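The following explanation is intended for a reader who meets this structure for the first time. It proceeds from a single side chain to the surrounding elements and then to the chain as a whole.

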Amino acid sequence: AILRSTPAGPPIELAEILDAGGFVDVSITDSGPPLDSPLLERAFEPFAVRGSEASGLSLALAHRVALAHGGRLTVGNGTERGLIVSLRLPRSQGRPA
């Protein structure tokens, strides 16, 4: 969904940070328009965030998957443009990073 909503031009930005607390944090920022506050509050509801080619299920499904694995997904608007989607998942125990 984030890729379809991003206009042609600057790519999305992806950052991965391993947290000392045993979590993996991934943040994706696009360069598209920000979401209005009412829509941002409903971002994880199925069909709430729809684009011209998007079904509106991507954020809802990603949110449910994150919760099912003991993590969390958050969304927010960038300071100037774009949407920031952040995922935090616990690292697997017994596996190398």
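**A buried arginine and its surroundings**

R88 counts as buried, with a relative accessibility of 19%, because the limit for that class is under 20% relative accessible area. The model under discussion is a predicted one.

What does R88 pair with? A salt bridge joins D25 to R88, and their closest N and O atoms are 2.7 Å apart. This pair connects distant parts of the chain, since D25 belongs to strand β2 (residues 23–29) and R88 to strand β4, with the two positions 63 residues apart in sequence. In general, side chains of opposite charge can pair when their charged atoms come close. R88 also lies over the face of F23, at 4.6 Å from the ring centre. As for contacts between aromatic rings, a search of the whole structure finds zero aromatic pairs.

The structure holds two salt bridges. Besides the pair of D25 and R88, E45 forms a salt bridge with R42, where the closest N and O atoms are 3.1 Å apart. Here E45 is partly exposed, at a relative accessible area of 38%, and R42 is likewise partly exposed, at 39%. R88, by contrast, counts as buried.

Strand β4, which contains R88, leads to the next feature. How do β3 and β4 run relative to each other, parallel or antiparallel? Strand β3 (residues 72–77) and strand β4 (residues 83–90) run antiparallel and are joined by six bridges. Within this pairing, V75 stands opposite V85 in β4. The hairpin formed by β3 and β4 has five residues between the strands, and G82 there takes a positive phi near 85°.

A second acidic residue deserves attention. D30 is located in the loop between β2 and α2 (37–41). Is D30 buried or exposed? D30 is buried, since its relative accessible area is 6% and the limit is under 20%. The side chain of D30 reaches two backbone nitrogens: that of G32 at 3.2 Å and that of L83 at 2.7 Å. D30 and N77 are 47 residues apart in sequence, while their C-alpha atoms are 9.7 Å apart in space.

L83 also takes part in the largest nonpolar core. Which residues make up this core? Its seven residues are L35, A43, L59, A66, L73, L83 and V85. Both α3 (58–68) and β4 supply at least two residues of this core. In soluble globular proteins, nonpolar side chains tend to be buried together. V85, already met opposite V75, is one of the core residues.

One further loop contains an unusual backbone angle. F47 has a positive phi of about 70° although it is not a glycine. Most residues other than glycine have a negative phi. F47 is placed in the loop between α2 and α3, and at 48% relative accessibility it counts as partly exposed.

These details can now be set within the whole chain. The protein chain has three helices and four strands, which follow one another along the sequence in the pattern α-β-β-α-α-β-β. Of its 97 residues, 23% count as buried. R88 and D30 both belong to that buried class, whereas F47 is partly exposed.

Conventions
Residues are numbered from 1 along each chain as its sequence is written. This is a predicted model: local features need pLDDT of at least 70, side-chain atom pairs count only at pLDDT 80 or more; totals for chains, interfaces and linings use all residues. Side-chain values use heavy atoms; hydrogens and water are left out. Two strands pair if DSSP finds at least two bridges between them. A nonpolar core is a set of buried Ala, Val, Leu, Ile, Met, Phe, Trp, Tyr and Cys residues joined through side-chain atoms within 4.5 Å. Buried means under 20% relative accessible area, exposed over 50%, partly exposed in between (1.4 Å probe, protein chains only). Rings of Phe, Tyr and Trp (its six-membered ring) pair if their centres lie within 6.5 Å; planes under 30 degrees apart count as stacked, over 60 as edge-to-face and the rest as tilted. A charge sits over a ring if NZ of Lys or CZ of Arg is within 6 Å of the ring centre and within 35 degrees of the ring normal. A salt bridge is a side-chain nitrogen of Lys or Arg within 4 Å of a carboxyl oxygen of Asp or Glu. A polar contact is a pair of N or O atoms within 3.5 Å; within protein, one must be able to donate a hydrogen and the other to accept it, and residues adjacent in sequence count only if both atoms are side-chain atoms.
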